[in-house]
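Here are some exercises to work through with the model open beside you. Try each task before you read its solution.

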Amino acid sequence: SIVSPLLRTGYHFQPPMNWINDPNGPLYYMGWYHLFYQYNPKGAVWGNIIWAHSVSRDLINWIALEPAIKPSIPTDMYGVWSGSATILPDGTPAMLYTGIDRPNINYQIQNIALAKNKSDPLLREWVKPGYNPIAVPEPGMNATQFRDPTTAWYIDGHWRMLVGGLKDGRRGVAHVYRSRDFKTWKRAKHPLHSALTGMWECPDFFPVHEAGVQNGLETSQFAAKYVLKNSLDLTRYDYYTVGTYNNKTDRYVPDDANGDYRRLQYDYGNFYASKTFYDPAKQRRVLFGWANESDSVPHDKAKGWAGIQAIPRKIWLDPSGKQLVQWPVEEVEKLRAKPVSVANKVVKPGQNFEVTGLQSYQSDVEVSFEVSSLEKAEPFDPAFSNDAQKLCGMKGADVKGGVGPFGLWVLASANLAEKTAVFFRVFKDGYGKPVVLMCSDPTKSSLTSDLYKPTFAGFVETDISSGKISLRSLIDRSVVESFGAGGKTCILSRVYPSMAIGQNAHLYVFNNGETDIKVSHLTAWEMKKPLMNGA
Ligand code: DQQ
């Protein structure tokens with residue numbers, strides 16, 4: 001079966017065609033946001049990777065430029081893999097990236113490219129200085145698991161960068177390299193951090209302001225709290241911890257001693273190889289993440305494209321200090337057209353209502369729910385404390401509960417044979433404390449058979465004792481990108497309806513619990529199409 005062209009996203013970042021994966025080297029420079037990304041110019045599957053390059057004034061409207069970095073020197077002849085941007089003291093942007101230097105084996109070497117002309121705000125040309133490579137695998141290091149340098153930070157006369165790696169077959173490591181001049185780099189004896197999780201791809205390490213402050217910090221600014229993120233090859237999720245950094249020893253310690261295994265995720269859905277940058281224009285830290293297709297490879301090839309970037313998110317430390325909060329950058333709201341609102345509408349057990357008056361296949365929906373009572377919350381089995389996904393797999397949107405499931409059916413067909421459910425379900429633990437689960441359930445999203453339809457879920461650390469909880473979903477044809485409780489828990493899903501496409505897609509609020517749910521307020525906006533790389 002051929003996938004409808006109407007499933008191509010409207011306002012999520014995409015080139016006109018072909019495969020994309022990791023965001024690379026995001027930065028703000030002379031009034032422009034730059035995004036580079038792993039791109040196959042020859043097809044809709046991974047391969048022939050180069051760094052494609054787009055620029056934007058607002059992180060939403062994008063203009064495609066010529067590719068920035070391609071294989072051209074002995075140390076990157078067989079691949080230019082992921083990396084990050086650092087602005088040097090003289091103002092020159094530099095890209096640290098991984099090169100593959102030989103055929104048939106992914107032997108990994110770290111390289112640098114410099115902006116050729118720092119007075120060009122579009123940074124169109126990049127040069128690879130003769131002192132490449134800047135780091136090679138040492139004897140005893142796993143040379144095929146050694147990649148993805150971070151943005152470098154400067155403290156007390158030294159630059160540092162991290163490179164992801166794997167030790168002894170199962171220990172994920174963030175190697176530290178130090179340099180005085182950004183040319184000669186030496187590996188520190190101890191990694192910044194490591195854990196028994198498998199390979200750490202695309203590490204990201206940055207300071208955060210004190211709990212609750214939404215502004216971001218420049219990467220070289222020393223702070224009391226830091227975030228370390230790693231992308232786990234094994235599970236394909238991006239995990240992070242909040243902790244402290246000792247710049248004398250270059251060691252990082254998560255606040256939660258078990259943090260590496262507790263597995264906080266940026267996003268509990270399809271979101272990988274993400275990377276942040278500090279945006280001095282709006283004093284915020286912005287997160288980019290890659291959302292792969294969940295479609296089959298033959299479908300990807302038939303469509304001629306695969307992969308998108310999530311809507312960039314502002315990211316900051318939650319008032320609890322224990323986790324991050326993420327929210328779509330405010331600029332996305334410029335795409336909002338005609339709003340439709342609903343207020344003070346009670347949804348009885350087993351009931352639902354349709355939100356009408358807009359085309360919801362490309363929309364932004366914000367809802368505030370109020371739960372009338374938590375009395376009927378189901379008992380929480382602590383065996384699932386670390387397994388929201390499994391719990392939601394068992395208790396999907398159609399499984400009746402006490403408090404919830406309640407939430408949205410998005411990209412739903414008129415007969416409801418197709419629908420993606422984004423919802424909450426509230427449990428009560430042994431002490432009577434509410435436990436909130438957020439799920440994105442695509443099991444009924446499409447009648448097409450050969451799709452990957454994983455249920456995604458995370459717990460939401462929010463105080464629901466007042467009964468209040470909010471949900472926002474960015475719906476974009478084959479994307480459902482959701483933010484629970486103001487961005488405490490995020491889930492991006494890719495879905496490919498066969499009927500709920502374009503004008504045939506509907507939006508509902510549902511309640512499959514035994515407790516009344518009030519929609520205190522719902523606003524849904526149709527979303528306009530931004531400039532998207534000329535497509
Ligand atoms: N993708 C890149 C690697 C990185 C992986 C290759 C993560 O550098 O580790 O395209 O998706």
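**Exercise 1: Two serines and a glycine**

Ser493 is buried, because its relative accessible area is 1%. Here buried means under 20% relative accessible area, exposed over 50%, and partly exposed in between, with a 1.4 Å probe and protein chains only. Before going on, note that this is a predicted model, in which local features need pLDDT of at least 70, side-chain atom pairs count only at pLDDT 80 or more, and totals for chains, interfaces and linings use all residues. Residues are numbered from 1 along each chain as its sequence is written, and side-chain values use heavy atoms, with hydrogens and water left out.

*Task.* Place Ser493 and find its side-chain partner, then classify Ser446 and Gly169 as buried or exposed.

*Solution.*
1. Start with Ser493, which sits in strand 36. Strands are DSSP runs of E with at least two residues, helices are runs of H or I with at least four, and both are numbered from the N terminus.
2. The side chain of Ser493 makes a polar contact with the side chain of Ser440, at 2.8 Å. Such a contact is a pair of N or O atoms within 3.5 Å; within protein, one must be able to donate a hydrogen and the other to accept it, and residues adjacent in sequence count only if both atoms are side-chain atoms.
3. Ser446 belongs to the loop between strand 32 (434-441) and strand 33 (456-460). Its relative accessibility is 5%, so Ser446 counts as buried.
4. Gly169, in the loop between strand 11 (158-167) and strand 12 (171-179), is exposed because its relative accessible area is 59%.
5. Gly169 and Gly198 are 29 residues apart along the chain, and their C-alpha atoms are separated by 7.3 Å.

**Exercise 2: The ligand**

*Task.* Which residues surround the ligand, and how much of the ligand does the protein bury?

*Solution.*
1. List the shell: Asn21, Asp22, Gln38, Trp46, Trp81, Ser82, Arg147, Asp148, Glu201, Tyr272, Ala273 and Trp290. A residue is near a molecule if one of its heavy atoms lies within 4 Å of it.
2. Look at the ligand's oxygen atoms. A polar side-chain atom of Gln38 is 2.6 Å from one oxygen atom of the ligand, and for a polar side-chain atom of Asp148 the distance to an oxygen atom is 2.5 Å. Ser82 uses a backbone N or O atom, 3.2 Å from an oxygen atom of the ligand.
3. Taken alone, the ligand exposes 310 Å², and the protein buries 94% of that (Shrake-Rupley method, 1.4 Å probe).
4. Strand 1 (18-29), strand 5 (80-87) and strand 20 (272-279) give two or more residues each to this shell.

**Exercise 3: The largest pocket**

*Task.* What is the volume of the largest pocket, and which strand gives the most to its lining?

*Solution.*
1. The volume is about 1100 Å³. A pocket is an open set of points on a 1 Å grid over the protein atoms alone, with protein on both sides within 12 Å along at least five of seven lines; lining residues have an atom within 4 Å of a point. Grid points are joined across faces, edges and corners, and a volume is the space filled by probe spheres set on them.
2. Of the 39 lining residues, Arg262, Ser385, Phe459, Val460 and Glu461 lie nearest the centre of the pocket.
3. Strand 33 gives the most to the lining, with four residues.

Definitions and conventions:
On a 1 Å grid over the protein atoms alone, a cavity is a set of points where a 1.4 Å probe fits but cannot get out, and a pocket is an open set with protein on both sides within 12 Å along at least five of seven lines; lining residues have an atom within 4 Å of a point.
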